[in-house]
Amino acid sequence: MLRGIGLKAFNSELSQWMEIKVAQGMKSIFRTLFGAATAVTLLLPVVVQDAGAKGGSQNTIALRNEMHHQLIAQALPSSAVSPVYLYHRCWNIINQQFYDKTYGGQDWSRWEHHYDTKIKNKDDAYKAIESMLASLGDPYTRFLNPEAFSDETNQIKAHLYGVGIQLGMSDMKKIVVIAPIAGSPASTAGVLPGDEILEVDGELVAGQPLDSVVKKIRGPINTKVTLTMLRDSKRVPIPLMRAEIAVKAVTKAVILPGNVGYIRLDSFISAKATEELKEALSKVEGADSIVLDLRNNPGGLLDNAVQIANLFLKGGVIVSTVDGGENKASTISRGQPSFEKPIVTLINGSSASASEILAGALKENDRSQLVGTKSFGKGLVQAIQKLDDGSGMNYSIAKYLTAGGNYIHHKGISPNIEVKLSDDEYKKGLGPWWIDPTFKRFNREPQDGFDIQLLAAINQAKNEVKKSKGQPTEPFKDEEVRKQILAKLGKPVIDTKKAAQAATDGPKTGRAAADFAPSKAPGVPSRN
């Protein structure tokens, strides 16, 4: 499953090989990512400022191209790798590449031979590496065993093997189907929103954590798994054949009433994210403006953030990085946007990493108004190094600055227009349209009129069009709109999916899971 990094949203920890040329001319090859969400290659011209250059001003800027290289690394058989060597390999990587040269305020050399006489096998080495990395006090620097590293590799390639369902867990600890993914085995077999999973291959899942159930459902392509559902108080066994599930970066592209385009960018993970965004823009090209929704987007490939920013920007810096040697490198826009109509961007406290790169670039280059709440605040660049036995390591290699030169770590990016949600309002369903904490309204759409932040963004998108035409704008009547939404939510819920199927399928109808308590916090459902 996709794990969170304290965002209350599942994160995707993905990576891609790249070559970084540091200012001194030395080369280091590794895989990079932005935080526990990813970030990688600088494919565009970048501006490199060498703070330590001799014979010139520290403000001297040289333009050059960063070339991207795809590397294929073959791990040695696990049994052929010395556990002590593995430990020292990790120590050396941190010693040379970690962004904080105080190493969390300690003498890093004390760890070099700390476990030499205690490491007897691979498991000892793994535990020693984990302890060593924990001493840095950096939550984004961590060890990945071979299985975890393999997961990251598959995720960046957008490889997901399972049955194609989005799951959530209620406060009553019930595993509930949020929705089957279109075209997936689950969708074809008739899995319905609101189905409760009771068993996986005959094993009861009651009391198990969500990620444990997810692992049981996933598996190799063309293998079978049977899910026993509770539907309308009846047990319904559904045999499924696992397949590769398409992981989409863009999950919604539609023109809303008022001729406002809407695009939800779920992540920057897939290497196809930029192409998906281009396709989404073509779907809404007839709109007068667009709302780009980055809420609950935990990040992804830096390449995608840069390339997507280039679809909108006429120039300016997109992002800068500063390594442990205080060498600054800035990626600049090509200045050839393919979309020039007004944009409004939605963010919240679960918009992180590459989401903040894009949001910052759009805001600080005066290209988009941000609506919502302050973003997460992730301002460190991570690398992932593949180790000789197939394991790997995340480690922080640099700080990044937004387009305006702001270091947002633990600070986040503030929106131009703040639209807050109280816990009570969130639980009642005024939050992001695709999340229903009540587990009562399945199959929601962005135009359903309950998402208060989206409604504010739509209003602002219309205002941006009016500004461009010299027309007067209309303020968003926040309090009035909230009251209207709460009044609508107070009415009995009609499960449109259930009603539609009842008309055709009779007793095969799914239920709306009305007995499920609202979940505690926003999140992205896990995918299987």
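## Starting at a hairpin

Two strands count as paired if DSSP finds at least two bridges between them. With that in hand, let us visit a hairpin in this predicted model. Strand 11 and strand 12 form a hairpin with two residues between the strands, and Asp 232 takes a positive phi near 50° there. Strand 11 covers residues 224-231, while strand 12 covers residues 234-241. The two run antiparallel and are joined by eight bridges. One place to look is Thr 226, whose bridge partner in strand 12 is Pro 239.

Just along the chain is Asn 222, in the loop between helix 5 (210-217) and strand 11. Is Asn 222 buried or exposed? Asn 222 counts as exposed because its relative accessibility is 60%, and the cut-off for exposed is over 50%. Leaving out residues up to four places away in sequence, Asn 222 touches Met 241 and Arg 242. Arg 242 is 20 residues from Asn 222 along the chain, yet their C-alpha atoms are separated by 5.3 Å.

## The chain as a whole

Stepping back, the protein chain has 12 helices and 24 strands. Of its 528 residues, 53% count as buried. The accessible surface comes to about 22700 Å², and carbon and sulfur atoms account for 52% of that. Among contacts between residues at least 6 apart in sequence, 70% join residues at least 24 apart.

## A six-stranded sheet

An open sheet of six strands follows the order 14-15-16-19-20-23, and its pairing is mixed. At the edges are strand 14 (250-256) and strand 23 (417-418), each of which pairs on one side only. Helix 6 (residues 273-283) packs on this sheet, where it touches strand 14, strand 15 (260-265) and strand 16 (289-293). The direction of helix 6 makes about 15° with that of strand 14.

Further along the order, strand 19 (residues 343-347) and strand 20 (residues 368-372) run parallel, joined by five bridges. Ile 347 stands opposite Gly 372 in strand 20.

## Helix 1 and its cover

Helix 1 spans residues 83-97, which makes 15 residues. From its first C-alpha to its last it reaches 21 Å, close to the 21 Å expected at 1.5 Å a residue.

Which residues of helix 1 are buried? They are Leu 86, Tyr 87, His 88, Cys 90, Trp 91, Ile 93 and Ile 94. An α-helix has 3.6 residues a turn, so residues three or four places apart point the same way. The cover over the buried residues of helix 1 includes helix 2 (122-134), strand 21 (380-386) and strand 22 (392-401).

## Two nonpolar cores

Ile 94 also appears in the largest nonpolar core, which has 65 residues. Ile 94, Leu 277, Leu 292 and Phe 312 touch the most other members of that core. Beyond its neighbours within four places in sequence, Phe 312 is in contact with Leu 277, Leu 281, Ile 290, Leu 292, Pro 337, Phe 339, Ile 343, Leu 362 and Arg 367. Another core, of 23 residues, lies apart from the largest one; among its members are Val 344, Trp 434, Phe 450 and Ala 457.

## An exposed loop residue

One last stop is Ala 182, in the loop between strand 8 (175-180) and helix 4 (185-189). Ala 182 has a relative accessible area of 72%, so it is exposed. Ile 165 lies 17 residues from Ala 182 in sequence, and the two are 9.1 Å apart in space, C-alpha to C-alpha.

Methods: Residues numbered from 1 in each chain as written. Predicted model: local features only at pLDDT ≥ 70, side-chain atom pairs only at ≥ 80, totals over all residues. Heavy atoms only, no water. Helix = DSSP H or I, 4+ residues; strand = E, 2+ residues; numbered from the N terminus. Contact = heavy atoms within 4.5 Å. Axes fitted to C-alpha atoms, helices over the stretch in contact; angles between N-to-C directions. Buried < 20%, exposed > 50% of the residue type's maximum accessible area, 1.4 Å probe, protein only. Areas by Shrake-Rupley, 256 points an atom, 1.4 Å probe, with all protein chains shown as cover. Expected span 1.5 Å × (residues − 1). Core = buried A, V, L, I, M, F, W, Y, C linked by side-chain atoms within 4.5 Å.
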